[in-house]
Amino acid sequence: MGYSYFWSAVAPSRSSFVAAALAASLCFASRGARADDAQVTWIPGSSREISRFVSASRDAPVSGLVFGPRVRATAAADFAIVKIRFDGVALRAGFDGLFDLEHADTGYRGLPLPGRGNGPMLWRGMYRVSLALSAERLARAWLGPRGAIEIAMTVGHESDHVTGDTFDDAPRRGDIVAGGGGEFAIYEVALRKPIAPKLDVWGRAQDRAYFRGPIFHAPGIEGGLRWRAWPHLWPTFSLFGEGLLVNPNLNGAKDGWFVAALAGLAVRGAAGELMPFVSTDAGNGKGLLINRRELRVSIGVRYAPF
Amino acid sequence: MRPSDFAVVAASLGVAVLFASACVVKLDHEFDSSGTADGGESNADAAVAAGCRALPGVASLTGDLRSIAIGDDTLFLSEHASSIDGAAFLVRAPGADCAWTATPLGDVIDPSPIRADAIVAPMDLVATDTTVALYYTLYVPDSSAAFGIRSIGIGLAPRDAMTGHFVPTNELLWSADRAPYGGSALRVGDLVYVYGCVTSGFLADDCYVARVSASSVASVAAYAYFDGSRWTANADASAAIVQSAGSANVRYDAASARFVMTYVPPLASTIVARTAFAPEGPWSVPTALASCDLAAAGAGAFCAGAHQHAVAGVPRGSVAVTYAAATFTPGGGSSGPMDAFAPRLVVLPIP
């Protein structure tokens, strides 16, 4: 709880600082650049230079199916509306959203698909708009040919619901209410560096600061390895962890946490990437299952067009 | 890509999937979908809460109490008010220590205009736009029925401000085969929510909720029923909001910004609570708050009531609840010590 108060107290100043830093970077990067130097590309792909397709976060905007322990399906879109490259940097204005369906109970009947899982179907919706600035020239100079340095600012919304009335995880004292949804801003910094001819390491640090909702802050960190082993098969491993620093004055809620590890084999082709994966995560669930603290081992498959 | 590379990757993923096999392990006990963990209904070890005897100066008072604020006073009404003369009282500033000064009101429930021989059994009280109203069950004599009476429906009796009497209207709101809405009545803004619990199986009651404008409580056509996701005028579409409960009582706790439902499961001895952020739920799993003190009531006694009351001296995060011992033993309530069946007030923590 002490952390929650701390983060609440510093939230405005931190947000302002990051926003100011981002704005300063933009100004600095564009200084001296002429308009006719800029390369504008519409719908160039992901909203980030360092893709979140391989993220172990449950909030990553990646479409996929999880077959167990709870049947879950996510429909997601993540794309940059425009990419403006100028003076060694690239600015992406992007959008991402996801619609996540998850059955409340484990197991399934027949096929492990939404509607065939056990228990009521829960869903959460999230959308975000972002500005991401990638220092391409600097990254290549510092980190090598596939290196990337990126900062991003995002604002978004999450809401959590249940279809029907049979879900009775109503809050007990100490629980996080309303599934943890709300309106928020995310500021993040990410790096990618090749550490071998076919192996990249990447990392991202971020904080989700809420304007509204039962959570004050959700600081997180993640990282991973992508092995470009073969032209069409890239083994992938990633880790993710975040804290949920909540408003203790709302239902006496207690802080939460979530950690995850994901291993998969990305099959790459002209139509995008398809990745069967195994994920192990622990801590608070997502959406209306946020108050279920569990250790979960999941199998699934995810897909990204970019 | 060499064949050996494929083999290594495939074997690694195969082992990982087999090892994983999609499982889940609970890390703490904050959730149990069975509804019996963390002191749920099945918890028979809840501490006995004796509390204090409510209205200690009234020697013949038995049965649980319901209450409502009227001006600066609080009106307390026994569930036996229709059969015990003088089971209604006005209390100035009631406190959790039961040190009350009560003014007996005598018989405040007028006979039913529907049948002169009917018994008007009080359920719960609620503030309407103009007065205070009492929901009641109307019983008629029936020698073939258990205990010699049979319910014919649920009605409403607004309080006459001049006489202070509750005067039943000329019509019943619901027939006896409906959930007995009004077992608990709650004013939320301009709406009145009424809850009714009906037997769904052996020692199990399912509870339903309806709502109505506070200005139209006497009109059954104005009620809407919760069907699980929305409110509908079709009473047949109503859905149970909680199952396996008893006669539930719901009040709003401003300190926790939650609605608190308390009840005693049928013929049980444990006071149970659930909470929700909306009057219709969804409701939390049940938590056993305490066991009733039935020691003096003799073998076969059980607990009834668990109505909540607004009294002074209740700590933040707690609720004041009354209950009373009851028994089916012939002569149990009359030949035994009357104190054993008197209403008791206890202060219990909200889960």
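Visitor: How do the residues that line the largest cavity divide into nonpolar, polar and charged?

Guide: In this predicted model, the lining of the largest cavity holds 10 nonpolar, 6 polar and 5 charged residues.

Visitor: What makes this space a cavity, and how much space lies in the largest one?

Guide: A cavity is a space where a 1.4 Å probe fits but cannot get out. About 200 Å³ lies in the largest cavity. Of the 21 residues in its lining, those closest to its centre are A:Arg58, A:Val66, A:Arg72, A:Phe277 and A:Arg302. Arg counts as charged, whereas Val and Phe count as nonpolar; therefore A:Arg58, A:Arg72 and A:Arg302 belong to the charged class, and A:Val66 and A:Phe277 to the nonpolar class.

Visitor: Which strands of chain A each supply at least two residues of this lining?

Guide: They are strand E2 (63-68), strand E3 (72-86), strand E11 (256-269), strand E12 (272-284) and strand E13 (293-304). E2(A) gives the most, with 4 residues.

Visitor: How many cavities of 30 Å³ or more does the structure hold, and what volume has the second largest?

Guide: The structure holds 9 such cavities. The second largest has a volume of about 130 Å³. It is lined by 16 residues, and A:Arg52, A:Ser57, A:Asp59, A:Arg128 and A:Gln206 are the closest to its centre.

Visitor: What makes A:Arg52, A:Asp59 and A:Arg128 charged, and how is the lining of the second largest cavity divided by class?

Guide: Asp and Arg are both on the list of charged residues, so A:Arg52, A:Asp59 and A:Arg128 are charged. Ser and Gln are on neither the nonpolar nor the charged list, so A:Ser57 and A:Gln206 count as polar. Overall, this lining has 4 nonpolar, 4 polar and 8 charged residues. Strand E7 (182-196), E8 and E10 of chain A each supply at least two of the lining residues.

Visitor: How do you know that E8(A) and E9(A) pair, and in which sense?

Guide: Pairing requires at least two bridges. Strand E8 (residues 199-212) and strand E9 (residues 215-227) of chain A are joined by 11 bridges, so they pair, and they do so in the antiparallel sense. Across this pairing, A:Arg204 stands opposite A:Glu222. The hairpin of E8(A) and E9(A) has 2 residues between the strands, and there A:Gly213 takes a positive phi near 130°.

Visitor: What joins E9(A) to E10(A)?

Guide: There are 9 bridges between E9(A) and strand E10 (residues 233-246), and the two strands run antiparallel. Within this pairing, A:Gly223 has A:Leu239 as its bridge partner. E9(A) and E10(A) form a hairpin with 5 residues between them.

Visitor: Why is A:Pro235, which lies in strand E10 of chain A, called buried?

Guide: The cut-off for a buried residue is a relative accessible area under 20%. The value for A:Pro235 is 16%, so A:Pro235 is buried. Beyond four places away in sequence, A:Pro235 touches A:Leu225, A:Arg226, A:Trp227, A:Ala229, A:Trp230, A:Gly264 and A:Leu265. The C-alpha atoms of A:Pro235 and A:Val267, 32 residues apart along the chain, are separated by 8.7 Å.

Visitor: What share of the residues of chain A, and of chain B, counts as buried?

Guide: In chain A, with 306 residues, 57% count as buried; in chain B, with 351 residues, 49% do. Chain A has 2 helices and 13 strands, and chain B has 2 helices and 24 strands. Chain A exposes about 12600 Å², of which carbon and sulfur atoms supply 67%. For chain B the exposed area is about 15100 Å², with 56% from carbon and sulfur atoms.

Visitor: What makes E2(B) and E18(B) edge strands?

Guide: In chain B, 5 strands form an open sheet in the order E2-E21-E20-E19-E18, with mixed pairing. Strand E2 (48-49) and strand E18 (249-253) each pair on one side only, and they are the edge strands.

Visitor: How do you know that E2(B) pairs with E21(B)?

Guide: The criterion is at least two bridges. E2(B) and strand E21 (residues 287-292) have 2 bridges, so the criterion is met, and the sense is parallel. B:Ala49 stands opposite B:Cys292 in E21(B).

How values were computed
Residues are numbered from 1 along each chain as its sequence is written. Chains are lettered from A and ligands numbered from 1 in the order in which they are written. This is a predicted model: local features need pLDDT of at least 70, side-chain atom pairs count only at pLDDT 80 or more; totals for chains, interfaces and linings use all residues. Side-chain values use heavy atoms; hydrogens and water are left out. On a 1 Å grid over the protein atoms alone, a cavity is a set of points where a 1.4 Å probe fits but cannot get out, and a pocket is an open set with protein on both sides within 12 Å along at least five of seven lines; lining residues have an atom within 4 Å of a point. Grid points are joined across faces, edges and corners, and a volume is the space filled by probe spheres set on the points. Buried means under 20% relative accessible area, exposed over 50%, partly exposed in between (1.4 Å probe, protein chains only). Accessible areas come from the Shrake-Rupley method with a 1.4 Å probe; for residues, only the protein chains shown count as cover. Contact means heavy atoms within 4.5 Å.
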